[in-house]
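I pulled this one up to see what sits around the ligand, how some helices pack, and where the backbone does something odd. Notes follow in the order I looked things up.

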Amino acid sequence: MVTILIIIGIVVVLAGAGVVVTKRRSSPALGAGTPAPQRIEPAAVAPVVLDTTTDAVPADVAVVEGAPVAPVVTPADELSESTPPSVGAASAKSRGIFAGLRAARRLKAIEPSTWDELESSLLRGDVGVTTTTRLLETLRAEVAAGTVTDGSGLLERLRSLLIATLSQVERPEHGELSLEVAAGRVPVWLLVGVNGVGKTTTIGKLAYRAGGEGKKVLLAAGDTFRAAAGEQLATWGARSEVDVVLGAAGADPSAVIFDAVQRAGARGFDVVIADTAGRLHNKVNLVEELKKIRRVADREPGQVTEVLLVIDATTGQNALQQARQFTEAVSVTGIVLSKFDGSARGGVVVAIEAELKIPVRFLGVGEHASDLIAFEPIAFVDALLADDPVA
Ligand SMILES: Nc1nc2c(ncn2[C@@H]2O[C@H](COP(=O)(O)OP(=O)(O)OP(=O)(O)O)[C@@H](O)[C@H]2O)c(=O)[nH]1
Ligand SMILES: [Mg+2]
């Protein structure tokens, strides 16, 4: 009897493993029919102390091809694939802040309390003092001039002004990231940002997205500072079926990225997406390290086409300060506002664009591969202000 139970148990376990693999291979969004991914492990190498004073790339990243990483498919992954995220649904918390303001739409006349509600909603939503003051001045002038007379008109003008503010910086449509390089070069997208903001997760999402568009993606684990950072990236690589170049713990991150770029050039990859460490304990070091990473990633055959700064939406106005620090180090081409789903301070998007003139390119709206939304000003503003947001 015991033997029979053991045999049944083994059969059930084997059948279960088979289902997971089949599901992953058969998912069209993950690029069915593409070759199995390789995980590229570093050879055992001694850690190298970062030398930010030189561009020389130490030979500390020897790579060998490893076995494919075990597939990672969770029920939650499958769920998020079947229900594409929307900015409306992800804005639930930020919408809460603007509820009082939306109610003002029904007012026949604009009261002093309407201005209070308007100001406090914008400030609580982290639109920022400068931008809030500017918006209020414009609206007050229009009410004084009689061009805006009721709550509905006020909300309509606020909507237009917010959309106009978010249209001042140029932003490629539909979240397109640049792959434009000179002949023979390989585009590199660098992801930067302080610890824990969601850089590695965003890379996983971008890899999933680019892979779904048929691009051959190589990930570079340029965060050699935090233990397990490479492993985390490798897991995302497996999930999105893309190859990953890992460096040894403590290796020079520039060397890992350089190695990935060389490999991508030699093997016809369409893009390298590089992770970086986000520590900020020593600002000078961070700035110097990022500058070096960028220079090295730009060496032939590499060509940096995007530097994406990941910012945690829950940090509100601190996000602005972070963005300023990072733009000092590297010229940032766009912002990914992560954890938007868990934030009531989504208005910071407006502050970032108005004050720093850097386009927000994506909103991170969850922890799954498809939880990334290309930022669109109209859908975003309507998600906050419309009574019934469609997007
Ligand atoms: N809800 C939600 N969680 C997110 C999002 N993006 C990232 N996270 C979570 O935030 C945490 C940190 O994400 P990571 O990708 O490890 O952040 P990181 O910037 O790479 O962190 P370090 O490597 O430590 O600097 C993880 O638990 C992620 O699942 C998002 O858009 N929404
Ligand atoms: Mg990370």
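**Ligand first.** I'm working from a predicted model here. I counted the shell around ligand 1 and got 21 residues, the closest being G198, T200, T201, G278 and G364. Then I asked which helix gives the largest share of that shell. The answer is α9 (residues 199-212), with 3 residues. I also sorted the shell by class: 11 polar, 7 charged and 3 nonpolar residues.

**Whole protein.** I noted 15 helices and 10 strands. Of the 391 residues, 44% count as buried. I checked contact range too: taking contacts between residues at least 6 apart in sequence, 78% of them join residues at least 24 apart.

**α6 against α7.** Next I looked at helix α6 (residues 112-124) and helix α7 (residues 129-144). Their axes come within 9 Å and cross at roughly 155°. That angle is over 145 degrees, so I logged α6 and α7 as roughly antiparallel to each other. I have the crossing down as right-handed. On the α6 side the contact uses L118, E119, L122 and L123, and on the α7 side V129, T132, L135 and L136. By class I get 6 nonpolar, 1 polar and 1 charged residues in this contact.

**α12 against α13.** I ran the same check on helix α12 (residues 283-297) and helix α13 (residues 318-329). Here the axes come within 8 Å and cross at roughly 50°. An angle like that falls in none of the parallel, antiparallel or perpendicular ranges, so α12 and α13 go down as oblique to each other. From α12 I listed K283, L286, V287, L290 and K291, which meet Q325, E328 and A329 of α13. The classes in this contact are 4 nonpolar, 3 charged and 1 polar.

**G222.** I wanted to know whether G222 is buried or exposed. I placed G222 in the loop between β4 (217-221) and α10 (229-239). G222 has 35 other C-beta atoms within 10 Å, and the cut-off for buried is 20 or more, so G222 is buried. Skipping neighbours within four places in sequence, I found G222 in contact with P253, V256, I257, A274, D275, T276 and I293. I also took the C-alpha to C-alpha distance from G222 to L191: 9.5 Å in space, for 31 residues of separation in sequence.

**Cis peptide.** Scanning omega, I came across a cis bond joining E300 and P301, with omega about 5°. P301 lies in the loop between α12 and β7 (302-312).

**Positive phi.** I flagged H174, a residue other than glycine with a positive phi, near 55°. H174 sits in the loop between α8 (151-165) and β3 (186-192). I counted 7 C-beta neighbours for H174 inside 10 Å; exposed takes 12 or fewer, so H174 counts as exposed.

E241 went on the list as well, again with a positive phi near 55° in a residue other than glycine. E241 is in the loop between α10 and β5 (243-246). Is E241 buried or exposed? I counted 24 C-beta neighbours inside 10 Å, so E241 counts as buried.

Technical notes:
Residues numbered from 1 in each chain as written. Chains lettered and ligands numbered in written order. Predicted model: local features only at pLDDT ≥ 70, side-chain atom pairs only at ≥ 80, totals over all residues. Near = placed C-beta within 6 Å. Helix = DSSP H or I, 4+ residues; strand = E, 2+ residues; numbered from the N terminus. Nonpolar A, V, L, I, M, F, W, Y, C, P; charged D, E, K, R; others polar. Contact = placed C-beta atoms within 7 Å. Axes fitted to C-alpha atoms, helices over the stretch in contact; angles between N-to-C directions. Parallel < 35°, antiparallel > 145°, perpendicular 65-115°, else oblique. Left-handed = near helix turned anticlockwise from the far one by under 90°.
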